[in-house]
Amino acid sequence: MVVCVQHEDVDSLVSRLNFAEKVDRSLRLIREAYEAYGDRLVVAHSLGKDSCVVWHLAKRVSPDIKGFIVTTRFKPRETRAFMQRTVARYPELKVYSNDQPIPEGLYETDPDLCCELLKVEPTRRAIAEMDVACWVTGLRSTEGRTRTDFQEIEERDEGLIKLNPILIWCEREIWQYLAVHRVPVNPLYARGFRSLGCAPCTRITASPGERDGRWIGTSKCGGECGIHTRPLKIDYEI
Ligand code: SF4
């Protein structure tokens with residue numbers, strides 16, 4: 001059994017469904033995908049608030065669901081500590097990184113290449129090594145201008161289903177779920193960050209957009225690291 005790629009009116013779902021309906025829908029999406037793909041369904045946990053929701057939902061579907069975390073040498077100290085606590089609690093989360101040398105200041109001179117090397121490459125490796133058929137993300141359509149063109153179930157890479165089970169949730173509903181279920185989050189949110197990334201590329205802002213504090217001052221401002229936009233399924237020699 002496989003799940004079917006969707007073409008839904010995402011904007012309508014965002015505004016039409018209430019919080020409880022969205023939670024039920026997300027649980028159903030994960031459950032159906034887990035029934036279809038079993039152990040080959042894997043959650044990509046970014047350690048952000050949205051991933052914390054997806055991970056909690058996935059664990060409600062089955063405690064056996066596994067995941068991976070991609071980290072970089074530039075993650076803030078608080079994020080590294082939060083990752084250690086998260087992995088200690090959930091050892092089924094496997095950590096990936098790319099520790100190869102890169103040019104100094106690459107995040108300023110060529111942030112696209114920096115993200116490609118430090119984020120996209122380890123994500124590709126995780127998907128290959130964990131033999132992933134369906135990866136589950138915390139992507140949301142209302143997060144910013146670059147996130148409006150996604151569906152809950154996609155196949156951007158042939159043979160690799162991408163499940164975005166909280167695509168239609170709003171920021172407020174994320175915090176509502178985390179509060180109701182007392183899910184721990186990265187302490188950087190308490191300092192005012194709304195979207196978390198690497199330290200040199202993430203700022204607290206007063207701008208309205210949730211991702212406006214990412215890559216400020218570069219062409220990538222408010223944009224993407226590439227894991228949601230670039231091909232992820234490539235042949236690795238494992
Ligand atoms: S977010 Fe910044 S430091 Fe992190 S990988 Fe991308 S460009 Fe490099």
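Tutor: Two strands count as paired if DSSP finds at least two bridges between them. Keep in mind as well that the model is a predicted one.

Student: Which residue stands opposite Val43 in strand 2?

Tutor: Strand 1 and strand 2 are joined by three bridges in the parallel sense, and the two-bridge requirement for pairing is a minimum. Within this pair, the residue of strand 2 that stands opposite Val43 is Gly67.

Student: How many of the five residues of strand 2 are buried?

Tutor: Strand 2 covers residues 66–70, and a residue counts as buried when its relative accessible area is under 20%. The rest of the structure largely encloses this strand, because the number of its five residues that are buried is four.

Student: Is Leu47, in the loop between strand 1 and helix 3, buried or exposed?

Tutor: The loop that holds Leu47 runs between strand 1 (41–44) and helix 3 (49–61). Although Leu47 is not a glycine, its phi is positive, at about 75 degrees. Its relative accessibility is 3%, so Leu47 counts as buried.

Student: What distance does helix 3 reach from its first C-alpha to its last?

Tutor: Helix 3 has 13 residues, for which 18 Å is expected at 1.5 Å a residue. The model comes close to that expectation, and the distance from the first C-alpha to the last is 19 Å.

Student: What is the relative accessible area of Trp55 in helix 3?

Tutor: Eleven of the 13 residues of helix 3 are buried, so the helix is largely enclosed by the rest of the structure. Among the buried ones are Cys52, Val53, Val54 and Trp55. For Trp55, the relative accessible area is 2%.

Student: How far apart in space are Trp55 and Asp110, C-alpha to C-alpha?

Tutor: Trp55 belongs to helix 3, and its separation from Asp110 along the sequence is 55 residues. In space, taken from C-alpha to C-alpha, the separation of Trp55 and Asp110 is 32 Å.

Student: At which residue does helix 6 bend?

Tutor: Helix 6 (residues 111–129) has 19 residues and reaches 26 Å from its first C-alpha to its last, close to the expected 27 Å. The helix is nevertheless bent, by about 35 degrees, and the residue at which this bend lies is Leu117.

Student: Which helix gives the most residues to the shell around the ligand?

Tutor: The ligand occupies the space of the second largest cavity. The residues surrounding it include Phe74, Tyr107, Cys198, Cys201 and Trp215, and Pro111, Cys114, Cys115, Leu118 and Lys119 are also part of this shell. With five residues, the element that gives the most is helix 6.

Student: How exposed is Asp131, as a relative accessible area?

Tutor: Asp131 comes just after helix 6, in the loop that leads from this helix to strand 4. Its phi is near 55 degrees, a positive value in a residue other than glycine. Asp131 is partly exposed, which means a value between the cut-offs of 20% and 50%, and its relative accessible area is 43%.

Student: Which residue in the turn of the hairpin of strand 5 and strand 6 has a positive phi?

Tutor: Strand 5 (residues 153–157) pairs with strand 6 in the antiparallel sense over three bridges, and Asp157 stands opposite Leu160 in strand 6. The hairpin leaves two residues between the strands, and the one in the turn with a positive phi, of about 85 degrees, is Gly159.

Student: Which residue of strand 6 does Val136 stand opposite?

Tutor: Strand 4 (residues 134–136) pairs with strand 6 in the parallel sense over three bridges. Both faces of strand 6 are covered, with Leu160 and Lys162 buried on one side and Ile161 and Leu163 buried on the other. The residue opposite Val136 is Leu163.

Student: What distance separates the C-alpha atoms of Gln100 and Lys162?

Tutor: Gln100 sits in the loop between strand 3 (93–96) and helix 5 (106–109), where it is partly exposed, with a relative accessible area of 39%. Lys162, by contrast, is buried in strand 6. The two residues are 62 residues apart along the chain, and their C-alpha atoms are separated by 28 Å.

Notes. Residues are numbered from 1 along each chain as its sequence is written. This is a predicted model: local features need pLDDT of at least 70, side-chain atom pairs count only at pLDDT 80 or more; totals for chains, interfaces and linings use all residues. Side-chain values use heavy atoms; hydrogens and water are left out. Buried means under 20% relative accessible area, exposed over 50%, partly exposed in between (1.4 Å probe, protein chains only). The expected span of a helix is 1.5 Å times one less than its number of residues. The bend at a residue is the angle between axes fitted to the seven residues ending there and the seven starting there. A residue is near a molecule or strand if one of its heavy atoms lies within 4 Å of it. On a 1 Å grid over the protein atoms alone, a cavity is a set of points where a 1.4 Å probe fits but cannot get out, and a pocket is an open set with protein on both sides within 12 Å along at least five of seven lines; lining residues have an atom within 4 Å of a point. A molecule sits in a cavity or pocket if more than half of its atoms lie within 2 Å of its grid points.
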